[in-house]
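I set out to record what can be looked up about the ligand site, the sheets and the backbone of this structure. The entries are kept in the order in which I consulted them.

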Amino acid sequence: MQPVFYDPSLPYDKNFENGPVISHRPISVPRRRLTHTYPFLDFQLNTPFGIPAGPLLNSSFVEAAFLLGFDVVHYKTQRSDPFPVNEFPNVLSVEIPGQLTPKLAEKPLIGRPVTDSPARELSITNSFGNPSKGPDFWQADMKKALSYQGEGQLLIASVVGTIKKHFTPDDYYKDFALTALLARQAGAKVIEVNLSCPNVASEGVLCYSPEAVERIVRLTKEKIGDTHLLMKLGYFTADQEDLLTDIVKRSLPFISGIAAINTIAAPVIDEKGKQALPGKGRLKSGICGAGIREAGLDMIARLTRVRERLKAGFAIIGVGGVMSARDFLAYRARGADVVQSATGAMWNPDLGHEIWKELEEQHA
Ligand SMILES: Cc1cc2nc3c(=O)[nH]c(=O)nc-3n(C[C@H](O)[C@H](O)[C@H](O)COP(=O)(O)O)c2cc1C
């Protein structure tokens, strides 16, 4: 199988300029007869399935994804200022002995270039550093991407704050809100804050800090008004369920939904035992694909429990290791309203169609 959207053998900028791999041959779009729709926030979706923030770099990628029947997709995470991409390579395949847990992720994994026919049960690492061409470019391009939404399709904007010189933690949190406002001005009706980023107030990742999360979603919601706000979380273990409950409770007044999971960080080395991705701070990188499926499912079950316990109505987007219609159904069974696939969709143009067919059969 060839890559559909992003070609890992080429640098990020080449991918950005070339557009999705699939657009260089005639896209054969299987016909769908839509007999059902699926509610999500204020929208009715053709299928509750699509692609999360990442593989769709700009409007031409979004256009291809909608054509292929991925009905709810994210425009890759953007910033309030231009920001460079990490050094090439940015995507490697990794071998995972079974399913990845935070404990297993302490040990190095071996990374190799992804071959043209990756395993159906592929796991990869991706390391881009949330590059952005800056709002002068992406606001206009996001408008274009929004114009590609067909009936029953939805584009979600993903944003992140940028740590700038002399910034206080609060300045950093305000930058999330400012970037979200820029996405709203571009016309986005649903905006996601990517909280799997460094916490400048302490060591670690933002989404595990209740104060930081509450402050970011409060400031962001104040800026974007009636635009729907989603927050993207990483994986929380069983021991972190109380922490998760606290974070969700504090965020409830401001959010419409939660997306999870992002990647799980692990050290990645080459066959000689050296750091696989070049550059400072890149020994550890995010792992995604088949090997994080159980973690994703576990997290969605946890979020569903928290939602029931709090008698709350937020939407849940389940992400992580969805490679087939079976995986999609497993996420729905755990309580996900919408399911998305990054790694799976990157090599399987038919995944959206396969899931639509599965849903049709259920209704038959
Ligand atoms: C190529 C690639 C780029 C990604 N970029 C982003 C990003 O910009 N923002 C974000 O929130 N997540 C990003 N992710 C993470 C995905 O949204 C998703 O949470 C993760 O890959 C798990 O899903 P999967 O197992 O289906 O790949 C990226 C993933 C991939 C594969």
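The entries below concern the ligand, then the two barrels, then selected backbone features.

**Entry 1. Status of the model.** I note at the outset that this is a predicted model.

**Entry 2. The shell around the ligand.** I looked up which residues surround the ligand and found 23 of them. The closest are Ala53, Thr77, Gly289, Gly321 and Thr343. I then sorted the shell by residue character: ten residues are nonpolar, eleven are polar and two are charged.

**Entry 3. Polar contacts of the ligand.** Which backbone atom lies 2.8 Å from an oxygen atom of the ligand? I found that it is a polar backbone atom of Gly289. Among side chains, I recorded Asn194, with a polar atom 3.2 Å from an oxygen atom of the ligand. For Asn262, I read a distance of 3.3 Å between an N or O atom of the side chain and a ligand oxygen. I next checked how much of the ligand is covered: the ligand taken alone exposes 610 Å², and the protein buries 98% of that. I also asked which elements give two or more residues to the shell. They are strand S4 (72–78), strand S7 (123–126), strand S13 (284–289) and helix H9 (343–347).

**Entry 4. The barrel of five strands.** I followed the strand order S5-S6-S12-S13-S7 and found that these five strands close into a barrel with mixed pairing. Neighbouring strands of this sheet are turned against each other by 50° on average, direction ignored. I examined the two pairings of S7 in turn. With S13, strand S7 pairs in the antiparallel sense over four bridges. Here Ser123 stands opposite Gly289 of S13, and Asn126 has Gly286 in S13 as its bridge partner. Gly289 thus appears in this pairing and also in the ligand contact noted above. With S5, strand S7 runs antiparallel and is joined by three bridges. Leu92 has Thr125 in S7 as its bridge partner.

**Entry 5. The barrel of eight strands.** I traced a second closed order, S3-S4-S8-S9-S10-S11-S14-S15, in which eight strands form a barrel with parallel pairing. The average turn between neighbouring strands of this sheet is 25°, direction ignored. I looked up where helix H2 (residues 59–67) sits: it packs on the sheet and touches strand S3 (49–51), S4 and strand S8 (154–159). The direction of H2 makes about 165° with that of S4. I then took one pairing of this barrel in detail. Strand S11 (residues 257–260) and strand S14 (residues 315–319) run parallel and are joined by four bridges. Ala259 has Ile317 in S14 as its bridge partner.

**Entry 6. Cis peptide bonds.** I recorded a cis peptide bond between Phe88 and Pro89, with omega about 0°. I located Pro89 in the loop between S4 and strand S5 (91–94). I recorded another cis peptide bond between Ala260 and Ile261, with omega about 10°. I placed Ile261 in the loop between S11 and strand S12 (264–269).

**Entry 7. A positive phi.** What is the phi of Leu41, positive or negative? I read a positive value of about 55°, although Leu41 is not a glycine. I found Leu41 in the loop between strand S1 (38–40) and strand S2 (43–45).

Technical notes. Residues are numbered from 1 along each chain as its sequence is written. This is a predicted model: local features need pLDDT of at least 70, side-chain atom pairs count only at pLDDT 80 or more; totals for chains, interfaces and linings use all residues. Side-chain values use heavy atoms; hydrogens and water are left out. A residue is near a molecule or strand if one of its heavy atoms lies within 4 Å of it. A polar contact is a pair of N or O atoms within 3.5 Å; within protein, one must be able to donate a hydrogen and the other to accept it, and residues adjacent in sequence count only if both atoms are side-chain atoms. Accessible areas come from the Shrake-Rupley method with a 1.4 Å probe; for residues, only the protein chains shown count as cover. Ala, Val, Leu, Ile, Met, Phe, Trp, Tyr, Cys and Pro count as nonpolar, Asp, Glu, Lys and Arg as charged, and the others, Gly among them, as polar. Two strands pair if DSSP finds at least two bridges between them. Axes are lines fitted to C-alpha atoms, for helices over the stretch in contact, and angles run from 0 to 180 degrees between N-to-C directions. Contact means heavy atoms within 4.5 Å.
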